[in-house]
Amino acid sequence: MTSGSAAEPQVELAPVRAGEELDWQSLERYLRQHLPELDGEFSVLQFPRGSANLTYRVKFGESLLVVRRPPFGTLAPRAHDMAREYKVLSRLHAGYPRAPRALLHCADPTVIGAEFFVNEYREGIVVWDTVPDSMQSFADAGHRIGFAVIDALADLHEVEPAAVGLGDLGRPEGYLDRQLAGWKKRWAAVEAEVGDDDTIELVRDVANRLSARKPISQRSGIVHNDYKVDNCQFAADDPTRVTSVFDWDMATVGDTLVDLGTLLNYWPDATADPGSDAAFTAVPGMDALELPSRHAVVERYAQNSTLDLSDVGWYEAFGCWKTVVILQQLYARFVRGESTDPRMGERGAAVAPLARRALGLLRA
C-alpha cells in the first residue's frame, strides 16, 4: 500500500485523525482486563502515514503498545486479516527478530467496532522520502538504506516456516494461481469506480498476460506480501540496520520472489527515463533518497540467494498489478464515502500509469 506524498509533514505520531476515533473507554477497559500489568493514565496517538489498516500507539503510564484494526467500510475478502497478522507476529519473532512480538488478539467486534490485535511498541525511525537527519553524516546513506532493506528481505526468506510454527500459514502448491485468481476478483469488485473503460481494459490485459506467462515457483517460504522501504524501521543512527518490519496482515507461505517483485514495484529508479512508464512508482517523492537502482536491488538479493532470477521482470509486473488493485480499492472506499482520508481520493490517478509499467515489463 502506498504512503503519503512528499508534501506531507514528516511525523510518525499525531492526534487521531477526524473520523478514525474508536471507543477509547471500551478499548482501555479491555486492555486493562486482558493485560493486567498495565498501569497509569491512558492516552492514544495515531500513526498517520499508513493508508489502510488503522494503527494507534496506546500509552498506559510509561508502557507503550500498538493497536491495529482494519479500515472502516467494505473490505475485500481476506484483506486486512488481523487474526493472520497476530498469528504471524506471535510466532515469527522467534526466528526473525525484526518481527515485533504480538501480545493480544481480540476477535470481538463490539469492543472497538472491529477485530484488532496488540503488539509491542519499538523505538526507531521509518524512512519515508528523505534521509533522516540522524543518518545524514553517512556517505551514500541512501544506498546503505536500500541494501539494508534488501538484506532484511533475504534474511526473512531464509526462515523455515515450520521452525517458527508457521508451516500451516499458507498452501505453497498452486500459490501463484490462487494469487492471480484472487487479485482478479478484487479488481472486478472495484473496477466500476474507475470511470474509464480504457483503464479497465488495460488492467484486465495485464492480468491476462500475467496468467499466460506465469513462471514455475522455485522455492516456498514466508512471504510478507507488502514489503517496502517504509514498512521497515531502522535504528535511528544506523542506515545499515533494519530493526523491525511492519504490516504482516497479508503474510503467507508461498513463492518468495513475490516479495522481491513487490519491492521492485515500489522502488524508484534514477536510471529510468524521467516521465516514462518505467520510472513511475506508486510511492511519490522517494527519488531524494538516492536508493540503488532496481538492477542493483536484484544483484544484491542474488548475493544472498540461490534462486534463478531470470523471471524477475514477471514478478515486478505482478507487484505493479497487485498494487494497481490495492490503489483502486483505496480509491473506491473514498468514492463510496467509507474513508474521510483525502489521500485516498488521489489513489486512483496512479492506476493507469502503474498498469502501463506492468504491461511494459511483460512485453520486454
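**View A. Val126 and its partner across the strands.** Let's start with a single pair: Val126 stands opposite Gln233 in strand 8. This is a predicted model, as are the views that follow. Strand 8 covers residues 232-234, and two bridges join strand 6 to it in an antiparallel run.

**View B. The open sheet around strand 8.** Stepping back from that pair, we find three strands in the order 6-8-9, paired antiparallel in an open sheet. Strand 6 (125-126) and strand 9 (242-245) form the edges; each has a single partner strand, so one side of each lacks a neighbour in the sheet. Helix 3 (residues 141-157) packs on this sheet and touches strand 8 and strand 9. The direction of helix 3 makes about 120° with that of strand 8.

**View C. Helix 4 packed with helix 5.** Here helix 4 (residues 175-190) meets helix 5 (residues 197-212) at an angle of about 170°, and their axes lie 11 Å apart. The two helices are therefore roughly antiparallel to each other. From helix 4, Leu180, Lys184 and Trp187 take part in the contact. Their counterparts in helix 5 are Ile200, Val203, Arg204, Ala207, Asn208, Leu210 and Ser211. Sorted by class, this contact of helix 4 with helix 5 holds six nonpolar, two polar and two charged residues.

**View D. A closer look at Gln179 in helix 4.** Gln179 has a relative accessible area of 14%, so this residue counts as buried, the cut-off being under 20%. Setting aside neighbours within four places in sequence, Gln179 is in contact with Asn225 and Phe318.

Conventions
Residues numbered from 1 in each chain as written. Predicted model: local features only at pLDDT ≥ 70, side-chain atom pairs only at ≥ 80, totals over all residues. Heavy atoms only, no water. Axes fitted to C-alpha atoms, helices over the stretch in contact; angles between N-to-C directions. Helix = DSSP H or I, 4+ residues; strand = E, 2+ residues; numbered from the N terminus. Parallel < 35°, antiparallel > 145°, perpendicular 65-115°, else oblique. Contact = heavy atoms within 4.5 Å. Nonpolar A, V, L, I, M, F, W, Y, C, P; charged D, E, K, R; others polar. Pairing = 2+ DSSP bridges. Buried < 20%, exposed > 50% of the residue type's maximum accessible area, 1.4 Å probe, protein only.
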